[in-house]
Each structure stands twice: as C-alpha cells, then as structure tokens.
Amino acid sequence: MKHLLTTEGIDPAQATAILDTAATLKRSLEGREVRKLPTLRGRTVITMFYENSTRTRVSFEIAGKWMSADVVNVSSSGSSVSKGESLRDTALTLAAAGADCVIVRHPASGAAHRLAGWLREAGTSVVNAGDGMHEHPTQALLDAATLRERLGELRDRRIAIVGDVLHSRVARSNVHLLTALGADVTLVAPPTLLPTGVETWRVSVSHELDSILPGQDAVMLLRVQAERMHGGFFPSAREYSIAYGLNENRLRLLPEHAVVLHPGPMLRGMEIASAVADSPRAAITDQVRNGVHVRMAVLYHLLAHEEETA
Ligand code: CP
C-alpha cells in the first residue's frame, strides 16, 4: 500500500489486514509501561492540518511516536501557508525536507489525492486525514476496529449512520468500508441532509429513526456540521434533536447488545444526550483509543510492511 486516500473500492482483505494489525498492536502494547516499538525508527512522518482537529492530529502524532518515527506537525497558521504558499509547493517542500509520509487534512475535497499526484516522484506516502466533505478513511477504519471489538466480524451486522450525511466525510468513508466488510448499512437523515445520488449507494435510507432502532447492531451518530451549512433548508437544533437526537428513551429501543458510536466532536444535548454518551453502551472513548492503534497500523502498512515483504 503506497497511500491511504479513500475507502472507496477498498479490498476487504487489505482492510482486514490493517484491522488485524491494529488489534495485534493494541494487544502487544496493553499493560506496557513503555509504549514504544522500534518499527519506524529513522522514518519521518509529517502531519499537515489545514483544518482544526483534536483526535486525528493527536492520534497520528502519538501513533508515529509509539512506533519511533520522527513526527513533525505543520499547521496552516504557523507555516508559510499563511504567507500564501500553495499546497503543492508546501508538499514538495516537506518531501524535499525528508518526509516519508505526509498526513493531510484539508477543507477541499480531493486535496489528498492531488497531493499524492504531486509527490509521486518523491516517493512520499500520503494519508487522507479528512478532505472537505469527501472522505476520512482512518476514521472509518477505527470505527470498524471498535465495532469488531464489540460485535465480532461485521458481515451481516446492521449499522445505522444517523444525521448530517450530506456534509460528512466520516459517513462516506464508513459506507464504503462497512459495506466492503459485508455490513448492512442504513442511513437515517432528513431529506435535506442527504446527498444527491444517495439512492445509488449500496445502503438503505430512512428519514425516521425510532422504527429502525430495534433492528440495529450499532448506531453511528454524525456531527451536525453547521460550519458547512450555507443556505438550504436545514432543521434547527431543536427540530434535529427531537427527530434524530439519541436520548435515553431511544437508547431503550435498541437491542441490549447494540453499540453507540460518535466520531466526535459531539454536540451533547443535540446529537446525543449526555446520559447516552457517558453510558457503557457508548464506545466513544474506545473509538479514540483504537484510533491510535489503527493509525499505527496504517503507518506500518505504508512504511514498514512493504520493506518486510519485499
Ligand atoms: N473525528 C475527527 O476527525 O475528530 P477531529 O476533527 O478532532 O480530528
């Protein structure tokens, strides 16, 4: 694997190999006082975040450091991007400085793909850490890792993705990955928060939450992305919370074994009630924890695995 740009068309065997590596890394680090593996010693990983992030940026940095890579963080405000340098010139500069892997978050859909093209000659790997409303593949992988821990294999598991699907790169990457792994995905959203063409996706669609909850093995709530809502007929926070917020009454409609996920950051009281977010049914902190192991596994498959198998 040279890059991780998308989960669209992902080979289920490749996805499973990453998830298995993440599970092995998690087991091997559990209970250790010193969480440090020598695997990526001498490799340089640069994170390049043009949009805010807590979970993704921090967990990539920790993942690289736990594998002994040299990790350098670049953000738009503290770099020459603020002087007008282009994404291409910034990327070529980072590659020339010695980056083996660039992890990029950018507001423009397709930015990671463009970067991979510009860095082909340099041989630098690119990971998409979220590009506009397009994709967030490592989020989908860590969600799948968390679901596998709680539910076992995902074939024929029923997973509802609820909320602002229209603006959600998390939803897109999850639809591609979860369906590739054999899960049965239902999108639940008001019509104005669904993308055009959703009928061509390999999913079911519902505008109503309560009736689908009793049949689900997992519910993944999405953040309502007010910052991407310009015009259009979107529900108010109150309307959204009444129709789609996961409260304690709705939690009782789910089967006992069903898991609640949220990629974060959460809008408590709107997308999810605090009592649900903090309940043992929610796997939200597990998602964050697994994010580190999944991102270690991605770096391993990009930077170490090829060498070992060559
Ligand atoms: N889930 C997610 O991408 O969170 P951050 O924006 O905090 O990275």
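This tour of a predicted model goes from a parallel sheet to the annotated binding-site residues.

**The sheet.** Select β1, β2, β3 and β4. These four strands make an open sheet with parallel pairing, in the order β2-β1-β3-β4. Now colour β2 (70-75) and β4 (125-131): each has a single partner strand, so one side of each lacks a neighbour in the sheet, and these two strands stand at the edges. From one strand to the next the twist averages 15°.

**Inside the sheet.** Select residues 44-49 and 101-106. These are strands β1 and β3, which run parallel and are joined by five bridges. At phenylalanine 49, look across to β3, where arginine 105 stands opposite.

**The helix on the sheet.** Add residues 55-66, helix α2, which packs on the sheet and touches β1, β2, β3 and β4. The direction of α2 makes about 175° with that of β1.

**The annotated positions.** Next select Arg55, Thr56, Arg105, His136, Gln139, Gly264 and Pro265. An unreviewed UniProt entry annotates these residues as "binding site". Two of them, Gln139 and Pro265, are the next stops.

Centre on glutamine 139, in helix α5 (residues 137-151). Is glutamine 139 buried or exposed? Glutamine 139 has 26 other C-beta atoms within 10 Å, and because the threshold for buried is 20 or more, this residue is buried. Leaving aside residues up to four places away in sequence, show Val170, Ser173 and Pro263, which glutamine 139 touches.

Finish at proline 265, in the loop between β9 (259-261) and α9 (274-277). Here 11 C-beta neighbours lie inside 10 Å; the limit for exposed is 12 or fewer, so proline 265 counts as exposed.

Notes. Residues are numbered from 1 along each chain as its sequence is written. This is a predicted model: local features need pLDDT of at least 70, side-chain atom pairs count only at pLDDT 80 or more; totals for chains, interfaces and linings use all residues. UniProt positions are given in the numbering used here, feature names are shortened, and annotations may be inferred rather than shown by experiment. Two residues are in contact if their C-beta atoms, placed from the backbone, lie within 7 Å. Two strands pair if DSSP finds at least two bridges between them. Axes are lines fitted to C-alpha atoms, for helices over the stretch in contact, and angles run from 0 to 180 degrees between N-to-C directions.
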